[in-house]
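Here are some short exercises with worked solutions. Keep the sequence and the structure in view as you go.

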Amino acid sequence: MKITRMTVFHKDLPLAKPYWLSGGRLRFDKLDATFVKLETDEGLVGWGEGTPWGNTYVPAHGPGIRSGLETMAPAILGQDPRCTDKVERAMDLCLPGHLYAKSPVDMACWDIAGQAAGLSIADMLGGRYETGTSIASSVSSGTPEEMLAEIERFRKSGYHCHSAKVGSDVEKDIERIQFLEKHRLSGERILYDVNRAWTRAQASVVMNAIAHLGVAVEQPGETLADIKAIRHNTTIPISVDESLVTLQDAMEIASDGIAEIFGIKLNRVGGLTKARRMRDIALANGIQMYIMATGGSVLADAEAGHLAQSVPEEFRLGCWSCQDMITIDVAPGRGPRSENGVLTVSGSPGLGFAPEESILGDPVSMYNSS
Ligand code: MG
């Protein structure tokens with residue numbers, strides 16, 4: 001089987017309301033999404049999505065995906081999409097780095113490979129556990145009362161897992177975390193996501209002040225070196241998210257004991273082929289995981305949902321439903337949806353569904369094998 005055509009679509013996905021993180025340092029109004037359709041000489045068609053969380057969150061942006069696809073197109077066309085490691089290698093040789101530009105192609109290849117085998121992507125990744133994945137809500141930075149109101153809104157939809165965005169001055173963060181923990185319900189879990197905003201000193205002060213609360217904190221510093229230093233000053237479980245980009249990062253975090261939780265975001269790490277190796281490093285080292293889309297539509301949520309559902313439940317902390325934060329649905333009535341705070345992928349072959357092409361608009365580029 002060979003990839004004969006790659007069609008690229010660009011779609012802006014407006015957020016239902018402005019979103020703040022990193023203590024209000026970063027604001028987001030819309031997401032720049034790229035959708036990739038791969039066609040093959042055997043008639044199978046696969047879909048992928050690459051949607052970075054804006055252009056200020058991590059080193060990734062929508063136009064970079066489309067530019068990277070143009071550069072990589074000659075290396076992608078003619079590949080057998082079922083051979084995901086070989087496609088990965090071809091892209092890595094053609095364009096070192098730029099992992100986020102590769103993830104939509106990788107996703108479309110897994111979609112086709114699953115359809116060809118008659119297996120869901122989760123089954124292709126080792127086996128789909130029946131139980132769906134708890135969705136972590138994404139609670140924008142705000143006053144303690146505003147953040148609690150947002151959590152209460154999610155509770156009404158069945159959520160019991162939340163990612164609350166903190167990371168401003170020390171006193172405000174201690175106050176916010178203590179307030180939200182005081183109002184946390186039994187059986188509910190809140191991850192406090194700093195999104196890199198603290199200095200090493202700020203992280204140590206806040207984390208030691210809340211150490212008795214038994215909570216976990218995500219990405220408390222800018223770099224892996226910062227988090228390694230912070231790790232020595234606190235006993236709080238740490239999740240690494242933005243600083244987990246490569247397999248080498250995953251190995252360093254695991255072997256040096258830098259964190260107890262991986263936050264794996266598919267677009268950032270370059271797609272399922274690379275992310276499943278991070279999953280395996282986590283499993284081999286007693287590290288739990290949040291597996292999420294970096295952002296995007298139901299397609300991106302489904303991709304993450306498939307990998308999440310290949311993880312044993314005791315290691316699987318949550319996923320995300322970014323689709324609930326945007327105002328455009330590219331696949332109405334299709335794909336996994338939030339049900340009582342849980343996302344469950346189907347056992348249908350491949351991704352299990354395709355977007356409604358007319359909603360994506362005209363392609364911005366099309367590459368054909370010669
Ligand atoms: Mg995070």
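**Exercise 1: the sheet**

In β12, Arg 316 is the bridge partner of Met 289. The model is predicted. Find how strand β11 and β12 pair, then place β12 in the sheet.

Solution.
- Step 1. Strand β11 covers residues 288-292. Strands β11 and β12 pair in the parallel sense, over two bridges.
- Step 2. Now take the whole sheet. Eight strands form an open sheet with parallel pairing. Their order is β5-β6-β7-β8-β9-β10-β11-β12.
- Step 3. The edge strands are β5 (136-139) and β12 (316-318). Each of these edge strands pairs on one side only.
- Step 4. From one strand to the next, the twist averages 30°.
- Step 5. Helix α5 (residues 144-156) packs on the sheet. Helix α5 touches β5, β6 (161-165) and β7 (189-193). The direction of α5 makes about 150° with that of β5.

**Exercise 2: one residue in a loop**

Locate Thr 234. Is Thr 234 buried or exposed? Which residues does Thr 234 touch, not counting those up to four places away in sequence?

Solution.
- Step 1. Thr 234 sits in the loop between α8 (224-231) and β9 (238-240).
- Step 2. The relative accessibility of Thr 234 is 8%. Buried means under 20%. Therefore Thr 234 counts as buried.
- Step 3. Leaving out residues up to four places away in sequence, Thr 234 touches Met 207 and Asn 208.
- Step 4. Look at Ile 236 as well. A polar atom of the Thr 234 side chain lies 3.0 Å from the backbone nitrogen of Ile 236.

Notes
Residues are numbered from 1 along each chain as its sequence is written. This is a predicted model: local features need pLDDT of at least 70, side-chain atom pairs count only at pLDDT 80 or more; totals for chains, interfaces and linings use all residues. Side-chain values use heavy atoms; hydrogens and water are left out. Helices (H or I, at least four residues) and strands (E, at least two) are DSSP runs, numbered from the N terminus. Buried means under 20% relative accessible area, exposed over 50%, partly exposed in between (1.4 Å probe, protein chains only). A polar contact is a pair of N or O atoms within 3.5 Å; within protein, one must be able to donate a hydrogen and the other to accept it, and residues adjacent in sequence count only if both atoms are side-chain atoms. Contact means heavy atoms within 4.5 Å. Two strands pair if DSSP finds at least two bridges between them. Axes are lines fitted to C-alpha atoms, for helices over the stretch in contact, and angles run from 0 to 180 degrees between N-to-C directions.
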